[in-house]
Amino acid sequence: MALHRENILIVDDDISILELLQRHLKSMEYHAFKAVSVKEAIFILKDTFIDLLITDIQMPEVDGLQLLKFTNEHYPDMPKLVVTGYPSVDDALATFKSGAVDYLTKPFTKVELKQAIEKAFAHGQQRRDKKSPRINSANAVYGDMVGESEAFHKVTNIIDRVKDNKATVLVKGESGTGKELVARAIHYSGKFSNAPFIAVNCGAIPENLQEAELFGYKKGAFTGAHENRNGFFQAAQGGTLFLDEIGLASLAVQAKLLRALQEKEITKLGSQKAEKVDIRIIAATNSDLSEDIKNKTFREDLFYRLTVVEIKVPPLRERKSDIPLLVEKFIKKYGIEYRDRLLRISPEALEVLQRYHWPGNIRELENTIQRAVIMSDGIIKVKDLPDFLKFQIHFPEEGFLSLREMEKNYVKKVLNHTEGNKTKAAEILQIDRKTLRDKLK
């Protein structure tokens, strides 16, 4: 089942209904947020990007109709569904006047809920047709990517230019920067979004199988080829084929890929008949292909064919202003997955994350937040972060320190944290106790 990315807020004062709805939504692969009152729902709406609201009508203190009015004023493009155990004609009319897309009467089936959700999202998309299809009003979300830095918008500006054509794109960037997210954004934000998107990691396929996997093969083409089989090119017909780690493709595959780009056709292994293909190729690399060309491991003619459009994805250290948005995204994701609720992060912990240089880029940040969500008690604090983040070295404003002074200050800092526990301090410093004793002397 394809993973949905939408956040759905369900509001009902009946805990059993909330839990039932949440189970249904999780089985459909949605992110579910719960609120037992309108007041709690508004708090979540102000703190979270919600794609769909599902609310009861009759609730104590403030009813669901008031919540619908609030969302109409503040979140006019957000689709809304109503569920109620006490149906009436007046409520139904008031519901639709308040902008709800559909009206479900309890009890309802999972199939009925699914159909209503799909209808609501389709209605919401129609209202957003005149806007950029994957960008929110703050211009900070594009597909599954988030950011507000100049570096981020340089990337999304290029995506906007290429998303509606089938020009070949080469995405360059360090490991963990989100090159596949860029490829997916190109595909799913453009007019070919209903066609297949096939992602292939060239480095994960043994070299002797790359041709067969990519282009397919005929029965008897090689030992073990017991039937005709299509490859990834055929699977991506009409859509996008994303070739990650293109620098690890064999020279034989590179030759056939060049022909596919030039002639718009491929030939299966064991076949003499060429087949026409209509796909967009997006390739990605974290290596220097110009060096590979010098070393005769990558074809120069293919390189130029792949770089019709080039997108350089910046490392996280060059877009640190985006870290709070990324942190918020991952806290929501793992807060729902592991803790079944919305978590927060302390300003001090966020500052620590923004100071770090993130050699593993967004992937390292996501793994760090995933761990912190598990370790936290509801608010992610500095204590919930890995030790290597807690004990970063910072230079004083007045200038640089000698290596001896820097080491001395750092050892002191670690000892203060461990409250004088030398064994724990030695573990953090990755030295043995004898070496630590010598340094303390």
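# A viewer tour, starting at Q430

Select Q430 to begin: with a relative accessibility of 73%, this residue counts as exposed (exposed is over 50% relative accessible area, buried is under 20%, and partly exposed is in between, using a 1.4 Å probe and protein chains only). You're looking at a predicted model, where local features need pLDDT of at least 70 and side-chain atom pairs count only at pLDDT 80 or more, while totals for chains, interfaces and linings use all residues. Residues are numbered from 1 along each chain as its sequence is written, and side-chain values use heavy atoms, with hydrogens and water left out.

Stay on Q430 a moment longer. Its backbone has a positive phi of about 60°, even though Q430 is not a glycine. You'll find Q430 in the loop that runs between α18 and α19. Helices (H or I, at least four residues) and strands (E, at least two) are DSSP runs numbered from the N terminus.

**Back one step: helix α18**

Now select residues 422-429, which make up helix α18. Colour A425, A426, I428 and L429, the buried residues of this helix. They cover an arc of only 160° around the axis, which puts them on the same side of α18; the arc is taken over the directions from the helix axis to the C-beta atoms. What do these buried residues of α18 pack against? Show α16 (387-390), α17 and α19, and you have the partners. Contact here means heavy atoms within 4.5 Å.

**The second largest pocket**

Keep α17 (403-417) and α19 (433-440) on screen, as these are the elements giving two or more residues to the lining of the second largest pocket. The lining residues to select are R404, E405, E407, K408, V411, K412, K439, L440 and K441. Helix α17 gives the most, with six residues. The volume of this pocket is about 310 Å³.

Pockets and cavities come from a 1 Å grid over the protein atoms alone: a cavity is a set of points where a 1.4 Å probe fits but cannot get out, a pocket is an open set with protein on both sides within 12 Å along at least five of seven lines, and lining residues have an atom within 4 Å of a point. Points are joined across faces, edges and corners, and a volume is the space filled by probe spheres set on them.

**Over to the cavities**

Searching the whole structure turns up two cavities of 30 Å³ or more. Which residues line the largest cavity? Select K166, T168, F233, A260, L261, K264, V277, I279, R280 and I281 to see the lining. Two elements, α10 (251-263) and β13 (280-285), give two or more residues each to it. The space inside the largest cavity is about 70 Å³.

One of those lining residues, K264, deserves its own click. K264 sits in the loop between α10 and β11 (265-267). It is not a glycine, yet its phi is positive, at about 60°. Is K264 buried, exposed or partly exposed? The answer is partly exposed, with a relative accessible area of 42%.

**Two buried stops**

Go to A183 in helix α7 (residues 179-188). This alanine is buried, and its relative accessible area is 0%. Leaving aside residues up to four places away in sequence, A183 touches F197, F242 and I282. For a distance to draw, try the C-alpha atoms of A183 and V169: the two residues are 14 apart along the chain, and the atoms are separated by 8.7 Å.

Then hop to S149, in the loop between β7 (145-146) and α6 (150-162). S149 counts as buried too, at 7% relative accessibility. Show R319, S321 and D322 as sticks; S149 touches these three, again not counting residues up to four places away in sequence.

**Helix α1**

Select residues 15-27 for helix α1, which has 13 residues and reaches 18 Å from its first C-alpha to its last, close to the 18 Å expected at 1.5 Å a residue (the expected span is 1.5 Å times one less than the number of residues). Highlight I17, L18, L21, Q22, H24 and L25, the buried residues of α1. Look down the axis of α1: these buried residues fall within an arc of 165°, so they line one face of the helix. Just after α1 comes E29, with a positive phi of about 70°.

**Zoom out**

To finish, show the whole protein, with its 19 helices and 16 strands. Of its 441 residues, 46% count as buried. Among contacts with a separation of 6 or more, 67% are between residues 24 or more positions apart.
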